[in-house]
Amino acid sequence: MRHALTLFIGLAAIFAGGALAEDDPLAAYKWEARPVIIFADSEKDPRFQKQIANLSARSDDMTERDVVILMDTDPSADSALRKLFRPRDFQIILVGKDGQTKLRRPHPISAEDLNRQIDRMPMRRREMNGGQS
């Protein structure tokens, strides 16, 4: 499963780099997935590396919660995601299926904390109770 997450992260990074609509870079995920966007000034940033390791260790949890991981480690590219969220340095942002920002932190968070945040969302509660997303 770890390789699947790595592949998924890699593909998501391509979308974050500009393949999504410039006006709403998250439109393709609305009502379908929960984007987690990780911003850093470089892939070598230790906080970025720690965040990826945290989420990779719990890839099954991310899949179960319909999490899509998007990464942007090139501030000079001025991507649509950077224009939308205007991160400074390292940021992790959770966006709900409704397209609203649910969590924004300037430091890495554990997969368990992210899971708890998602599991508190009304839509996720419906999903866990067998309802439709």
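These legends accompany close-up views of a predicted model.

**View 1. The whole chain combines 6 helices with 4 strands.**
Along the sequence, the elements run α-β-α-α-β-α-β-β-α-α. The chain has 133 residues, and 44% of them count as buried. About 7300 Å² of the chain is exposed, with carbon and sulfur atoms supplying 50% of that area. Take the contacts between residues at least 6 apart in sequence: 69% of them join residues at least 24 apart.

**View 2. Helix α2 has a buried side and an exposed side.**
This helix spans residues 46–56. Its buried residues are F48, Q51, I52, L55 and S56. They lie on the same side of α2, because they cover an arc of only 130° around the axis. An α-helix has 3.6 residues a turn, so residues three or four places apart point the same way. P46 and K50 are on the other side of α2, and they are exposed. At the start of the helix, look for D45: one of its side-chain oxygens comes to within 2.7 Å of the backbone nitrogen of R47.

**View 3. Helix α5 also has buried residues.**
The helix covers residues 111–119. Buried here are A111, L114, N115, Q117 and I118. Their arc around the axis is only 160°, which puts them on the same side of α5.

**View 4. The largest nonpolar core has 19 residues.**
V36, I38, F48, L55, L94 and L114 have the most contacts inside this core. Two or more residues come from each of β1, α2, β2 (67–72), β3 (91–95) and α5. Another core lies apart from it, with 11 residues. I37, F39, L81 and F85 are among them.

**View 5. L94 touches residues from several parts of the sequence.**
Residues up to four places away in sequence are not counted here. L94 touches R34, P35 and V36. It also touches Q100, T101, K102 and L103. Further along, its partners include L114, Q117, I118 and M121.

**View 6. R34 is a buried residue in strand β1.**
The strand runs over residues 34–39. R34 has 0% relative accessibility, so it counts as buried. Its side chain makes a polar contact with the side chain of E127, at 3.2 Å. Neighbours within four places in sequence aside, R34 is in contact with R65, D66, V67 and V68, among others. Its other contacts include L94, V95 and K97. I118, M121, M123, R124 and E127 are also in contact with R34.

Definitions and conventions:
Residues are numbered from 1 along each chain as its sequence is written. This is a predicted model: local features need pLDDT of at least 70, side-chain atom pairs count only at pLDDT 80 or more; totals for chains, interfaces and linings use all residues. Side-chain values use heavy atoms; hydrogens and water are left out. Buried means under 20% relative accessible area, exposed over 50%, partly exposed in between (1.4 Å probe, protein chains only). The arc is that of the directions from the helix axis to the C-beta atoms. A polar contact is a pair of N or O atoms within 3.5 Å; within protein, one must be able to donate a hydrogen and the other to accept it, and residues adjacent in sequence count only if both atoms are side-chain atoms. Contact means heavy atoms within 4.5 Å. Accessible areas come from the Shrake-Rupley method with a 1.4 Å probe; for residues, only the protein chains shown count as cover. A nonpolar core is a set of buried Ala, Val, Leu, Ile, Met, Phe, Trp, Tyr and Cys residues joined through side-chain atoms within 4.5 Å.
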